[in-house]
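Welcome! Have the sequence and the 3D view ready, and let us take a friendly walk through a few residues together.

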Amino acid sequence: QGLRYADAGRPVHKVAVGGGACADYLKKAAQLGCDTFVTGDVKYNGFADAVDLGVNLIDAGHFPTENPVCEYLLEQLEKRFPDVEFFLSKEHVDVVKFL
């Protein structure tokens, strides 16, 4: 429903992605030659740090960057353990709301 970002002025060619709150890996992404880093829950200073490092930073939110993998994990678990019943929670939703 919303993205926050810092534009370091670089074209996007190599992207690092960290689901949830992985902003602590920003420097590592820069060291690996990434020009863009997508994660969630970035603190204010993280955006300034990204620009200083020359890395475009996209904060796509904690829940939206973690939840998409749940369906894939469910499928893999069902394949690996066919005699076990698995299900996705219908109650686990993003608690962050946008205007």
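Which backbone nitrogen does the side chain of Asp-94 reach? That of Val-96, at 3.0 Å. This pair is called a polar contact, meaning N or O atoms within 3.5 Å, where one must be able to donate a hydrogen and the other to accept it, and where residues adjacent in sequence count only if both atoms are side-chain atoms.

Before going on, a note on the model: it is predicted, so local features need pLDDT of at least 70 and side-chain atom pairs count only at pLDDT 80 or more, while totals for chains, interfaces and linings use all residues. Residues are numbered from 1 along each chain as its sequence is written, and side-chain values use heavy atoms, with hydrogens and water left out.

**Two aspartates**

Asp-94 lies in the segment after α4 (69-80). It is buried, a word for under 20% relative accessible area (exposed is over 50%, partly exposed in between, with a 1.4 Å probe and protein chains only). Asp-94 has no salt bridge, which would be a side-chain nitrogen of Lys or Arg within 4 Å of a carboxyl oxygen of Asp or Glu. The nearest side chain of opposite charge, Lys-97, is 6.3 Å away.

Asp-59 is found in strand β4 (residues 56-59); strands are DSSP runs of E with at least two residues, helices runs of H or I with at least four, numbered from the N terminus. Asp-59 counts as buried because its relative accessibility is 5%. Its side chain reaches the backbone nitrogen of Asp-41 at 3.2 Å. Contact means heavy atoms within 4.5 Å, and beyond four places in sequence Asp-59 touches several residues, including Arg-4, Thr-39 and Phe-47.

**Cysteines without partners**

How many disulfides does a search of the whole structure find? Zero, where a disulfide is a pair of cysteine sulfur atoms within 2.5 Å. Two cysteines show why: each sulfur below is too far from its closest cysteine sulfur for a bond.

| Cysteine | Closest cysteine sulfur | Distance |
|---|---|---|
| Cys-22 | Cys-34 | 13 Å |
| Cys-70 | Cys-22 | 15 Å |

Cys-22 is buried at 17% relative accessible area, whereas Cys-70 is partly exposed at 30%.

**The nonpolar core**

Cys-22 also belongs to the largest nonpolar core, which has twelve residues, among them Ala-16, Phe-37 and Leu-57. Such a core is a set of buried Ala, Val, Leu, Ile, Met, Phe, Trp, Tyr and Cys residues joined through side-chain atoms within 4.5 Å. Helices α1 (26-31) and α2 (44-53) each supply at least two residues of this core.

Notes:
Lys and Arg count as positive and Asp and Glu as negative; His and the chain ends are not counted.
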